[in-house]
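Let us walk through a protein fold one piece at a time. Keep the sequence beside the structure and find each residue as it is named.

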Amino acid sequence: YEKAAALDNAYLPQLVAFHESNGNCVRARELRRKAIGLGLFDLNDQFEAAMRHGELTMAEQCLRQQEKAYPDRAHEWPNQHVRLLIEKGDIKEAYKLQEKIYTTCRQNDPSKRQALLKTVDLGLRLSRKDAVKNLLRAYLQESPGDYECRRRLRGLDDTEQLCWWEPYDVK
């Protein structure tokens, strides 16, 4: 890979991946910066790499550039902002944004359940147990067959659920 990258810069991304997978992070970081300078990584790859390596200011810059360059993908950016806020440690802001994402989902939106589960997880991190219960109850009114959400609600209510065979046990 080194010889190929020395001959042609188009092989830099493969060389970066090779060094990252084999643990030479210092060399990979140098090569990644060179490849970014040459425009060999797109903005999404730059964002993901920055998130993976904890370079949060770089990730935020990449996300802003993506928002400007791709306004047609506006529905994706709030989820990326939530990821960035969680990585920064700003759980309260992440919860607010995730709750907004959940409340703006349409009833039959396939991503609504996933947004609910993320909101529940963030709410539990912030010890907002009552708000999480209310979210789960409201969702279960719309989707009564979701057993995983029902199980999570029971776990939050601290109610003990009988196993299906317990009424039939001989005591």
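Begin with the largest nonpolar core, which has 21 residues. A nonpolar core is a set of buried Ala, Val, Leu, Ile, Met, Phe, Trp, Tyr and Cys residues joined through side-chain atoms within 4.5 Å. Buried means under 20% relative accessible area, exposed means over 50%, and partly exposed lies in between (1.4 Å probe, protein chains only). Y102, L116, L122, L136 and C149 touch the most other members of this core. Helix 6, helix 7 (91-104), helix 8 (112-125), helix 9 (129-142) and helix 10 (147-157) each give two or more residues to the core. Helices here are DSSP runs of H or I with at least four residues, strands are E runs of at least two, and both are numbered from the N terminus.

Another core lies apart from this one. This second core has nine residues, among them A50, L56, A59 and W77. In soluble globular proteins, nonpolar side chains tend to be buried together.

Some ground rules come next. The model is predicted, so local features need pLDDT of at least 70 and side-chain atom pairs count only at pLDDT 80 or more, while totals for chains, interfaces and linings use all residues. Residues are numbered from 1 along each chain as its sequence is written, and side-chain values use heavy atoms, with hydrogens and water left out.

Now return to C149. Which residues does C149 touch, not counting those up to four places away in sequence? They are R113, L116, L117, L136, Y139 and L140. Contact means heavy atoms within 4.5 Å.

Next comes K133, in helix 9. Is K133 buried or exposed? K133 is buried, because its relative accessible area is 15%. Leaving aside neighbours within four places in sequence, K133 is in contact with L153, L156 and D157. S127 sits in the loop between helix 8 and helix 9. S127 counts as exposed, because its relative accessibility is 64%. S127 also has a positive phi of about 60°, although it is not a glycine.

Turn to helix 5 (residues 56-69). This helix has 14 residues and reaches 20 Å from its first C-alpha to its last. That is close to the 20 Å expected at 1.5 Å a residue. The expected span is 1.5 Å times one less than the number of residues. L56, A59, C62, L63 and Q66 are buried in helix 5. Seen down the axis, these buried residues fall within an arc of 115°, so they line one face of the helix. The arc is that of the directions from the helix axis to the C-beta atoms. The face turned away from the buried side carries the exposed residues T57 and K68. Helix 4 (43-52) and helix 6 (77-88) are among what covers the buried residues of helix 5.

Helix 6 has 12 residues, which should span 16 Å at 1.5 Å a residue, and its end C-alpha atoms are indeed 16 Å apart. W77, Q80, V82, L84 and L85 are buried in helix 6. Their cover includes helix 4, helix 5, helix 7 and helix 8. H81 is also found in helix 6. H81 is partly exposed, with a relative accessible area of 25%. Leaving aside neighbours within four places in sequence, H81 is in contact with L63, E67 and L97. Just after helix 6, G89 takes a positive phi of about 95°.

Helix 3 (residues 25-37) comes next. Its buried residues are A28, L31, R32 and A35. They cover an arc of only 105° around the axis, which puts them on the same side of helix 3. On the other side, V26, R33 and G37 are exposed. Helix 2 (12-21) and helix 4 are among what covers the buried residues of helix 3.

One loop residue remains. E55 lies between helix 4 and helix 5. E55 counts as partly exposed, because its relative accessibility is 27%. Not counting residues up to four places away in sequence, E55 touches R29, R32 and A50. The C-alpha atoms of E55 and E87 are separated by 10.0 Å, though the two residues are 32 apart along the chain.
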